[in-house]
Number of protein chains: 6
Amino acid sequence: MYFVTVRDHIMVAHSLRGKVFGPAQRVHGATYIVDAEFRSESLDANNIVIDIGFASACLKEALQPLNYHNLDELPEFVDAVTTTEFLARHVHRKVAVRVAGVFAGTLKVTLLESHVAAAGYEAPV
Amino acid sequence: MYFVTVRDHIMVAHSLRGKVFGPAQRVHGATYIVDAEFRSESLDANNIVIDIGFASACLKEALQPLNYHNLDELPEFVDAVTTTEFLARHVHRKVAVRVAGVFAGTLKVTLLESHVAAAGYEAPV
Amino acid sequence: MYFVTVRDHIMVAHSLRGKVFGPAQRVHGATYIVDAEFRSESLDANNIVIDIGFASACLKEALQPLNYHNLDELPEFVDAVTTTEFLARHVHRKVAVRVAGVFAGTLKVTLLESHVAAAGYEAPV
Amino acid sequence: MYFVTVRDHIMVAHSLRGKVFGPAQRVHGATYIVDAEFRSESLDANNIVIDIGFASACLKEALQPLNYHNLDELPEFVDAVTTTEFLARHVHRKVAVRVAGVFAGTLKVTLLESHVAAAGYEAPV
Amino acid sequence: MYFVTVRDHIMVAHSLRGKVFGPAQRVHGATYIVDAEFRSESLDANNIVIDIGFASACLKEALQPLNYHNLDELPEFVDAVTTTEFLARHVHRKVAVRVAGVFAGTLKVTLLESHVAAAGYEAPV
Amino acid sequence: MYFVTVRDHIMVAHSLRGKVFGPAQRVHGATYIVDAEFRSESLDANNIVIDIGFASACLKEALQPLNYHNLDELPEFVDAVTTTEFLARHVHRKVAVRVAGVFAGTLKVTLLESHVAAAGYEAPV
C-alpha cells in the first residue's frame with residue numbers, strides 16, 4: 001500500500017447547535033489544518049500514487065469555498081451541525097470529485113483544529 | 001470511517017528490567033505525549049464520533065494516576081516491564097472503561113516519547 | 001538570561017475592517033495557539049523564572065474571555081481591528097496583570113494562526 | 001495491535017524523468033524525514049514490538065547508502081524514477097532485510113518531504 | 001516589539017566545498033523550510049506589522065529562483081559555499097528588496113534543514 | 001547576526017524539592033528535547049557559524065552524563081533543585097566548554113519538556 005499526503009488550511013467561523021457543544025454553541029472560529037492522504041495498492045507509470053502538485057491543487061479548490069467564511073451563512077450548511085467530523089466528510093467529498101478519473105483508492109481527510117485535537121473521515125473514492 | 005483525536009501528556013519515572021534495555025535499566029524518565037484516537041463508522045445525532053471535551057477529560061483521568069510518579073513504585077506495575085508499548089495498552093484499557101456506553105469503535109493510543117520515537121496500541125472498545 | 005514558555009489555545013471568530021485584509025474582511029475564524037515566554041536575568045530561590053503551573057493558569061485566564069467568542073461582539077474590541085498582532089498585545093497585557101508582583105522581566109506572546117503564519121508582541125512587564 | 005515508530009532523515013539530490021514532474025525534472029534535492037512504524041499483534045517477553053535502539057539502527061543503516069548522495073548517480077537507481085513513493089518502498093525493503101528474524105508484522109515507511117507533503121509505503125515483512 | 005512570521009519551503013541540490021563538510025562535499029540536497037520573521041516597534045494604521053499575504057508573496061518570490069534547482073549551477077552562486085547560513089543571508093537580502101518601502105524593522109530568516117538542524121540570519125532592513 | 005541550531009534529547013528522572021512544585025516533588029521524569037542555538041556576528045571561511053556535525057556532537061556529549069539517569073542520584077546535583085531552567089544552564093555550561101576555541105558568540109539552550117512547556121538559558125560563551 002502506497003500513500004501520498006498533502007496539507008493546506010482554512011480559517012472559518014461557525015457555531016454548533018446542540019447542548020453537548022457548550023460554549024461552542026456561540027459563534028466562534030477555527031483554523032483547520034487539513035491533510036489529504038491518498039492510498040493506493042499500486043503506482044502508475046510515473047511511480048506515483050497521484051501527482052503531489054495536482055493533489056495540492058484539488059485540496060485547495062475543495063477548501064476555497066469555505067475559506068474566510070462564516071459557515072453558518074453558507075447555503076449548503078444551512079441545516080448542518082458543522083463539526084470537525086462533518087467538515088472532514090465534506091472536504092472528502094469535494095476532493096473526491098476533483099480526483100475522480102485520476103485517482104482510485106482510499107482518501108483520508110484529517111482536520112487538525114488545534115495542537116491537541118483533530119478529527120477526520122476516511123473512505124474509498 | 002470517522003475519527004477524533006485528543007492529546008495530553010504525563011511526566012513519569014521508571015526503569016526497565018531486561019538486558020535488551022541497556023542504560024534504560026536504570027531509573028530514568030520520560031514525557032509521554034499521549035494521543036487517543038477514536039474511530040467509528042458513523043456519527044451520532046450531533047454529528048460527532050465523541051465529544052472532544054469528554055474525550056479529553058477521559059484521557060486526562062486515565063493518565064492522572066500515572067502523572068508525576070515513579071512507575072516502579074505503583075502497586076499495579078510491580079511485576080511489569082513498563083515499556084512504551086505496555087503503557088499504551090494500559091492507557092487504552094483505562095480510557096476504554098471511561099468511554100464505555102458512550103463510544104463503540106476502535107481506540108488507538110499513541111505515546112510519543114521523544115521527537116524521534118513513539119509506540120502505541122490499537123484495539124476495538 | 002533564563003526563559004520559560006507555556007502554550008494554550010483559543011478558537012475565535014472575527015472580521016477585519018480594511019481593504020488590505022481582502023477576504024478576511026468577512027466574518028471568519030481562527031485557532032490561535034498561544035505561547036507565553038517569560039524571560040528573566042535570574043532565577044528565584046526555587047531555581048525557577050516562574051512556576052510553570054502558575055504561568056499556564058495565568059495564560060488560560062487571560063485567554064478565557066476570548067475563547068469561543070466572536071471578537072466583533074465583545075465590547076472591549078468594538079472599535080478595534082483585531083489582527084493577530086493586536087491580539088498578541090492584548091493577551092500580553094492581560095497576562096502581565098496576572099503575573100505582576102510575581103514576575104518581572106520580559107514577556108513575549110506569540111499567536112500561531114496556522115502552520116505557516118504567526119504574529120506576536122514582546123515587552124517588559 | 002501494537003506499534004513502534006522511529007525517525008531519522010536523509011539529504012539527497014535527484015531529478016525526476018517525466019513531464020508530470022514539471023520543474024522537478026531538474027536536478028534538485030530534498031530532506032526526507034523518515035518514519036519507520038513496526039506493527040505487531042503481540043509483544044515479546046520484554047513487552048516490546050521491537051527494540052527501539054535496534055529499530056533506529058536498522059533504519060539508519062538502510063538510509064546510509066542514500067544519505068548525501070545524488071540518487072541519479074547511484075547504480076541501483078539508474079533506470080528508476082525516484083519519487084517519494086518509490087523511495088519509501090526502497091527503504092521499506094532495506095529495513096525489512098535488516099529486521100528479518102527479529103520482527104514479523106507490518107512495516108510502514110513514511111517520507112516527509114516538507115511541512116506540507118509526504119508519501120509512504122506499507123506492507124507485511 | 002511586534003512581529004509577524006510566514007513560512008514557505010524550497011527543494012534544492014548543492015554541494016559544499018571544504019573538508020569540514022565531509023560527505024556533504026558530494027552533490028546532495030535539502031528541503032529548506034523557510035521562516036521569515038518581521039519585527040517592528042509599532043503597528044501601522046491597520047494594526048499590522050506587514051500584511052501576511054504580502055509577506056508570504058515576497059518570501060515566495062525570493063525563493064522561486066532557487067526552488068527545484070541545483071545551486072551549484074546557478075551563476076550567482078558560482079563561487080559560493082552555499083551553506084544554510086549563507087542561504088539564509090541570501091534569502092534575507094532578496095526578501096529585504098521586496099519589502100523595501102513597505103516594511104522597516106528587523107528581518108529574521110530561518111532555514112530548517114531537518115527536524116534536528118536549522119540556521120538563519122537576522123538584520124535590520 | 002547568524003545562527004545555527006541543533007537538536008537532541010535526554011530521558012531522565014528527578015524530583016524537585018520545594019512546595020511550589022506540588023506533585024513534581026515526587027520522583028517523576030521527563031523527556032527533554034534540547035535545542036542548542038549558536039549565534040554569531042560573522043561566518044568563518046567556510047561560510048558557517050559552527051560545523052553542524054561538530055555542534056551536534058558537542059551537544060550529545062554534554063547530555064550523555066545525564067541521559068537515562070535519576071538526576072537525584074548524580075553527585076553534581078546533590079544539593080540542586082534540578083528545574084528545567086537549572087538544567088538548561090547546566091547544559092549551556094557543558095556545551096560551552098566543548099565549543100571553546102571553536103565558537104565565540106551567544107549560546108541559547110532550550111529544553112522542551114512537553115508540547116506545552118519549555119525553558120532555557122542564553123548567554124555569551
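**Entry 1: conventions**

I take a crossing as left-handed if the near helix is turned anticlockwise from the far one by less than a right angle, and as right-handed if clockwise. Helices (H or I, at least four residues) and strands (E, at least two) are DSSP runs, numbered from the N terminus. The model is predicted: local features need pLDDT of at least 70, side-chain atom pairs count only at pLDDT 80 or more, and totals for chains, interfaces and linings use all residues. Residues are numbered from 1 along each chain as its sequence is written, chains are lettered from A and ligands numbered from 1 in the order in which they are written, and side-chain values use heavy atoms, with hydrogens and water left out.

**Entry 2: helix 1 and helix 2 of chain A**

I looked up how helix 1 (residues 52-63) of chain A packs on helix 2 (residues 84-99) of chain A: the angle is about 130° and the axes are 9 Å apart. Axes are lines fitted to C-alpha atoms, for helices over the stretch in contact, and angles run from 0 to 180 degrees between N-to-C directions. That angle makes helix 1 of chain A oblique to helix 2 of chain A. Angles under 35 degrees count as roughly parallel, over 145 as roughly antiparallel, 65 to 115 as roughly perpendicular and the rest as oblique. The crossing of helix 1 of chain A with helix 2 of chain A is right-handed.

I then listed the residues in contact (heavy atoms within 4.5 Å). Helix 1 of chain A contributes Phe54(A), Cys58(A), Leu59(A), Glu61(A), Ala62(A) and Leu63(A), which meet Val91(A), Lys94(A), Val95(A), Arg98(A) and Val99(A) of helix 2 of chain A. By class, the residues of this contact are 8 nonpolar, no polar and 3 charged. Here Ala, Val, Leu, Ile, Met, Phe, Trp, Tyr, Cys and Pro count as nonpolar, Asp, Glu, Lys and Arg as charged, and the others, Gly among them, as polar.

**Entry 3: the helix pair in chains F and C**

In chain F, I find the axes of helix 1 (residues 52-63) and helix 2 (residues 84-99) coming within 9 Å and crossing at roughly 130°. Helix 1 of chain F is thereby oblique to helix 2 of chain F, and the crossing is right-handed. The contact of these helices of chain F has 8 nonpolar, no polar and 3 charged residues.

In chain C, the axes of helix 1 (residues 52-63) and helix 2 (residues 84-99) come within 9 Å and cross at roughly 130°. Helix 1 of chain C is oblique to helix 2 of chain C, with a right-handed crossing. Among the contact residues I note Phe54(C) of helix 1 of chain C and Val91(C) of helix 2 of chain C.

**Entry 4: salt bridges**

I searched the whole structure and obtained 36 salt bridges over all chains. The criterion is a side-chain nitrogen of Lys or Arg within 4 Å of a carboxyl oxygen of Asp or Glu. I examined Arg7(A), which forms a salt bridge with Asp35(A), the closest N and O atoms being 2.7 Å apart. Arg7(A) lies in strand 1 (residues 2-14) of chain A and Asp35(A) in strand 2 (residues 28-40) of chain A, so the pair ties together parts that are 28 residues apart in sequence.

**Entry 5: relations between chains**

Copies were superposed by least squares on the C-alpha atoms of residues with pLDDT of at least 70 in both. Chain A is superposed on chain C by a rotation of 180° with 0.0 Å of shift along its axis (RMSD 0.0 Å). That is the relation of a two-fold axis. I note that 100% of the interface residues of chain A are also interface residues in chain C, so the copies meet through the same surface.

Chain D is superposed on chain B by a rotation of 120° with 0.0 Å of shift along its axis (RMSD 0.0 Å). That is the relation of a three-fold axis. Of the residues of chain D, His115(D) comes closest to the rotation axis, at 8.7 Å (C-alpha).

Chain B and chain C do not touch, and their nearest C-alpha atoms are 12 Å apart.
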